[in-house]
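Please find below my note on the structure under review. The points are numbered so that each can be read beside the model.

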Amino acid sequence: MIGSQLEINAQGLVNTKRNKKDGCTIIGSLDANQMTGELYNDFVIHNVNGEGLATDNLNPVDSTSTVGGIGKRHLVIKYSEFDRNYYLRDLGDGSGTFIRIDNHKDLILKHGFIISYGDSHMVVQLSSEISSSQ
């Protein structure tokens, strides 16, 4: 979604439908797990037509499906209570990232990072302000 702004705090994405409050924000192209209906991602990247990957059983999504190079579960941003940093992890599904991150390795996010994945881009803006929605 062009121009989307995500508010992420120590619990994860603010106002996410996944609503796990596990410190993780998961981004990818699949709306929900086909078998259980459980939400797969906190934020879904859609193609230029505004469509994510299908979740219906008539046209199941195979394990290699992507939308604009975005994998079903492409990356996760997680907060570490131990060192109070946000980390980015490429989950290995899709066409990679602008800053190449080895699968299952973390990167500390810094203010001003530009992250590209598939046909999408994200600018990291860190703030010390505490949101009223925490």
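1. Pairing of β6 and β7. In this predicted model, Arg89 has Asp106 of strand β7 as its bridge partner. The pairing of β6 with β7 is antiparallel and extends over 3 bridges. Leu107 also belongs to strand β7. Is Leu107 buried or exposed, or does it lie in between? Its relative accessible area is 24%, so Leu107 counts as partly exposed, given that a residue is called buried under 20% and exposed over 50%. The C-alpha atom of Leu107 lies 9.4 Å from that of Ile77, and the two residues are 30 apart along the chain.

2. The sheet as a whole. Which order do the strands take in the open sheet? The sheet has 5 strands in the order β4-β3-β5-β6-β7, and the pairing is mixed. At its edges are β4 (43–44) and β7 (106–108), each of which pairs on one side only. The student may find it useful to trace this order on the model before reading on.

3. Strand β5 and its cover. Strand β5 comprises residues 75–80, and 5 of its 6 residues are buried, which leaves the strand mostly covered. In the order of the sheet, β5 stands between β3 and β6. The next two points take these neighbours in turn.

4. Pairing of β5 with β3. Strand β3 (residues 24–28) is joined to β5 by 4 bridges, and the two strands run antiparallel. Within this pairing, Thr25 stands opposite Ile77 of β5, while Ile26 faces Val76 of β5. As a general point, the side chains of a regular strand alternate between the two faces of the sheet.

5. Pairing of β5 with β6. How many bridges join β5 to strand β6? There are 6 bridges between β5 and β6 (residues 85–90), and these strands are antiparallel. Ile77 is opposite Leu88 in β6, and Ser80 has Asn85 of β6 as its bridge partner. Ile77 is therefore a useful residue to follow across the sheet, because Thr25 stands opposite Ile77 as well.6. The hairpin of β5 and β6. Between the two strands of this hairpin there are 4 residues. In the hairpin, Arg84 takes a positive phi near 55 degrees. In general, most residues other than glycine have a negative phi.

7. Two further positive phi values. Asn15 is not a glycine, yet its phi is positive, at about 65 degrees. Asn15 lies in the loop between β2 (12–13) and β3. Its relative accessibility is 75%, so Asn15 counts as exposed. Lys21 is likewise not a glycine and has a positive phi, of about 50 degrees. Lys21 is also found in the loop between β2 and β3. With 54% relative accessibility, Lys21 counts as exposed.

8. Aromatic rings. The count of aromatic pairs comes to 1. This pair is formed by Tyr79 and Tyr86, whose ring centres are 4.9 Å apart and whose planes meet at 55 degrees, an arrangement described as tilted. Are Tyr79 and Tyr86 buried or exposed? Both Tyr79 and Tyr86 are buried. In another contact with a ring, Arg73 lies over the face of Tyr40, at 4.7 Å from the ring centre.

9. The second largest pocket. The volume of the second largest pocket is about 210 Å³. Its lining consists of 14 residues. Which of these lie nearest the centre of the pocket? They are Lys17, Asn41, Asp42, Phe43 and Val44. By type, the lining divides into 6 nonpolar, 4 polar and 4 charged residues.

10. Overall composition. The protein has 9 strands and 0 helices. Read along the sequence, the pattern is β-β-β-β-β-β-β-β-β. The protein has 134 residues, and 36% of them count as buried.

Key: Residues are numbered from 1 along each chain as its sequence is written. This is a predicted model: local features need pLDDT of at least 70, side-chain atom pairs count only at pLDDT 80 or more; totals for chains, interfaces and linings use all residues. Side-chain values use heavy atoms; hydrogens and water are left out. On a 1 Å grid over the protein atoms alone, a cavity is a set of points where a 1.4 Å probe fits but cannot get out, and a pocket is an open set with protein on both sides within 12 Å along at least five of seven lines; lining residues have an atom within 4 Å of a point. Grid points are joined across faces, edges and corners, and a volume is the space filled by probe spheres set on the points. Ala, Val, Leu, Ile, Met, Phe, Trp, Tyr, Cys and Pro count as nonpolar, Asp, Glu, Lys and Arg as charged, and the others, Gly among them, as polar. Buried means under 20% relative accessible area, exposed over 50%, partly exposed in between (1.4 Å probe, protein chains only). Two strands pair if DSSP finds at least two bridges between them. Rings of Phe, Tyr and Trp (its six-membered ring) pair if their centres lie within 6.5 Å; planes under 30 degrees apart count as stacked, over 60 as edge-to-face and the rest as tilted. A charge sits over a ring if NZ of Lys or CZ of Arg is within 6 Å of the ring centre and within 35 degrees of the ring normal.
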